[in-house]
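Please walk me through this model in the viewer. Tell me what to select at each stop and what I will find there.

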Amino acid sequence: MTETLSAAPPAATAEPIVDMRGISIEFPGVKALQDVDFRLFPGEVHALMGENGAGKSTLIKALTGVYSVDSGVTRLAGRPVTFSGPAAAQDAGISTVYQEVNLCTNLTVAENILLGREPRRFGAIDARAMRVRAAELLDRIGLDIDPVSVLGSHPIAVQQLVAIARAVAVDSHVLVLDEPTSSLDSDEVAELFRTMRVLRDNGVAILFVTHFIDQVYEISDRMTVLRNGRLVGEYATAELSRIGLVSAMIGRELGELEEVERLATHDTAERSAPPVLRAKGLGRSGAIEPFDLEINPGEVVGLAGLLGSGRTELARLLFGADRADSGRVEVGGNPLHLRGPRTAIAAGIAFCSEDRKGEGLIPDLSVRDNLVLAMQAARGWTRPIPRRVKNELVESYLETLDIRPRDPDALIRNLSGGNQQKVLLARWLVTKPKLLILDEPTRGIDVGAKAQIQKLVAELAAEGLAIVFISAELEEVVRISDRIVVLRDRRKVAELAGPDVGVDEVMDLIASGEPERERAAS
Amino acid sequence: MTTTARDALIRAGRSRLTWPVLALVALLLVNVIVTPSFFDIRLQDGHLYGSLIDILKNGAPTLLIALGMTLVIATRGIDLSVGAVVAIAGAVACTSIAGAADSGGAAAAFTGIGLALLLCAVLGFWNGFLVSVLGIQPIIATLVLMITGRGIAMLITDGQIVTVNNPYYAGVGAGFVVLPVAILISVGMFALVGLVTRRTALGMLIESVGINPKASRLAGVRSRTIVWTVYVFCALCAAVGGLMISSNVSAADANNAGLWIELDAILAVVIGGTALSGGRYSLTGTLVGALLIQTLTTTVYTTGIAPEITLVFKALVVIVVCLIQAPKARALLRRRRTPVAPPNAAAPPEPAVAVETTPTRKVGQR
């Protein structure tokens, strides 16, 4: 912990606005934080780094008054403080934007931004003043949307920016951004960073949590690294190399990360087996234009495109989560009438939604129940999986996928994001699917778990499973896929295959989007 | 680690029911103090009699309806129409029996009961249709039948109180097989449902639909069928409860039979620790809740609390039980007697990567 002292505070200011000392938090059976120190200075962007379960969220929640600490002192501008709850922290000038948008999608943008502090006139809410004030705030973060539009009508990315506008609306000295960029595309990230820099230059202390290492180096001044609930160190960003950062986070050498460098084999040799799935003219108006697609056994097909380009919509059609209004689907050479997820599952298709919380987890059930849910649903309620079989199955997947804690009775809500994602993967793997559709399986999870999942995808494909892989990270798609389907504006614009496909080429297509420029692997 | 986790689990499982059970015990003690013979049970002509038996017998309909309600609430729903269904069941059975050629015979009784169950199943089907197919909010969907149901019952009975004189029918609510038949039916149904939901996968699937319907659908769970079935089952429970109530007095009162029983049933479920937001449910909890409510009613009578303050007294007990169960109050109590978890394997050992082998795919071979 000697690094703590060596990290230089930003010039000009010597007094930290937030100074947490010896923070420990314990949950039944888990020491979430042990003796952690943390300092945040005015006018800096400070990245909080660590793997899933390292204690980042716990530390943030301790700072923002969500959790009370078991020991340790928090000083705000030199004065010791204890917050009775998030509202108290906010009153003291600490605003937080969480990873999952915590706003009311049924209210308007303006109402959301000013919720709880609406301008009043004669005791009633002054709708006009509210609109004007909201427009100002939106303008300040450079977001051009109608303040009276309903929040739910905007994509998640915009909702995220609205959440930030809301946080900025309070005069806060400390702004906590918990993975604000996980659902943003690169333009929106740039926009967000611009806003962050403006706020920083105005003296706001920004605590920034992200899994994107590039972003950390782009925006942060200093960083604090946690591992397993303990402080690893506090560093000036300029003085810590990326490799150094990653090994500080995961505490092991990086060999395995590099191994995943290029997984795809592009082995497009003659295939005798019929495609696992063939879609012809499949489409749904308002979601995605009709497209053709073939997926072969053992092949990883990547879907690349910007947010809202139709990636998720395409995947949902293949699974029957949404009903197609044109085209047809063949599975293993036989026509399949996709009436819904059940027909898809029966045909051997599995789908992991990008919305882990909303469409994946059953938070109040145990890891065991979550893991066997799809298998049990397929068997029907009258044929429960025998307890012994179930336990063996669950144990073996906890082991192979390295799911922590290795406790089948733990409620899945208490697991970290990466571990939740692994349980959801296992939920489908136990059903022995032929086609696995993964929508953003690595979003919002740490480097270690990410590498594990990418490797797993490659291994599954090697065993003959067909995989559709969606990710907002182009590098990841390119690295992992045998074939890449490029989508743009809700339309399939190209299909690329071959070892020489690079990120730049895909990026060009996403940007220019010359339609139907099929390019075979030659 | 596992032992402490298990201990914590047991503690949590206990704490959910601790307070309702304590309240129940306290009420029973009050009764014993006021009426020392309260716990006495006599065997007379092969039938058991006593205050405790009375509580069980009078509580049997509520218990049964709370059973159906538990499953409905577990799926994020609520069924306000059970009281109306109670009235309809009695009305159909009594009208049918009274109108039969041999109105004292077994055939008439069974026809009446069969008709009542059938019609009520249809009503449950209707509720389930509104909720699971049309996607109407349960509270509104079942409000429809709650209001029109009494009207239907009135139509069936022509607005009169229909009395019947049929020993077979009277057997349902007033009969004895050592214990009152009503108790046997309710307890039997409870055991059966407990067994069916927990021994098969039904309980888990119901909970998963209640906790996250979207995710359940995507995992291939038949959410719609499950929700629909649960409403039919709840209506059937209400129907049997209605038959008990009506057969106990050998009459059908469309206006008053099962009046406000939906609220008692919901209360029993909530006191039992099943959250109105759906998800995890506890049949044992519901059992305790229903008994608590019935004991409360009995206590009011035995202690001779003045009728004008009965409701206030009931309300007080309910408020205390609910408050004490509220997560915030529980958290406060827990903080008071914090069991410090022993320092154990909290920090997991250094991560070991699961998938160790290099992918075995051939690179660049075409």
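The tour goes from a sheet to a set of salt bridges. Keep in mind that this is a predicted model.

**Stop 1: the sheet**

Select strands 6, 9, 10, 3, 11 and 12 of chain A. In that order they form an open sheet of six strands, with mixed pairing. Now look at the edges. Strand 6 (94-97) and strand 12 (230-236) of chain A stand there, each with a single partner strand, so one side of each has no neighbour in the sheet. Turn the view to see the twist: neighbouring strands are rotated by 20 degrees against each other on average, direction ignored.

**Stop 2: one strand pair and its helix**

Narrow the selection to residues 174-178 and 205-209 of chain A. These are strand 9 and strand 10, paired in the parallel sense over five bridges. Label Leu175(A) and Ile206(A): Ile206(A), in strand 10 of chain A, is the bridge partner of Leu175(A). Next add helix 7 (residues 186-201) of chain A, which packs on the sheet. Helix 7 touches strand 3 (45-49), strand 9 and strand 10 of chain A. Its direction makes about 150 degrees with that of strand 10 of chain A.

**Stop 3: a buried salt bridge and its network**

Salt bridges come next; the whole structure has 27 over all chains. Select Glu234(A) and Arg39(A). Their side chains form a salt bridge at 2.9 Å, N to O. Glu234(A) sits in strand 12 of chain A and Arg39(A) in strand 2 (residues 30-40) of chain A, 195 residues apart. Both residues are buried. Extend the selection to Glu44(A) and Arg222(A): with Arg39(A) and Glu234(A), they are linked in a network of salt bridges.

**Stop 4: a second distant pair**

Select Arg311(A) and Glu440(A). This salt bridge spans 3.2 Å, N to O. Arg311(A) belongs to helix 11 (residues 311-319) of chain A, while Glu440(A) is in the loop between strand 19 (435-439) and helix 17 (447-462) of chain A, 129 residues apart. Arg311(A) counts as buried because its relative accessibility is 4%. Glu440(A) is buried too, with a relative accessible area of 5%.

**Stop 5: a pair within a helix**

Finish on helix 15 (residues 387-400) of chain A. Arg388(A) and Glu392(A) both lie here, four residues apart, about one turn of the helix. They form a salt bridge, with the closest N and O atoms 3.4 Å apart. Are these residues buried or exposed? Arg388(A) is exposed, at a relative accessible area of 58%. Glu392(A), at 49% relative accessibility, counts as partly exposed.

Key
Residues numbered from 1 in each chain as written. Chains lettered and ligands numbered in written order. Predicted model: local features only at pLDDT ≥ 70, side-chain atom pairs only at ≥ 80, totals over all residues. Heavy atoms only, no water. Pairing = 2+ DSSP bridges. Helix = DSSP H or I, 4+ residues; strand = E, 2+ residues; numbered from the N terminus. Axes fitted to C-alpha atoms, helices over the stretch in contact; angles between N-to-C directions. Contact = heavy atoms within 4.5 Å. Salt bridge = Lys/Arg side-chain N within 4 Å of Asp/Glu carboxyl O. Buried < 20%, exposed > 50% of the residue type's maximum accessible area, 1.4 Å probe, protein only.
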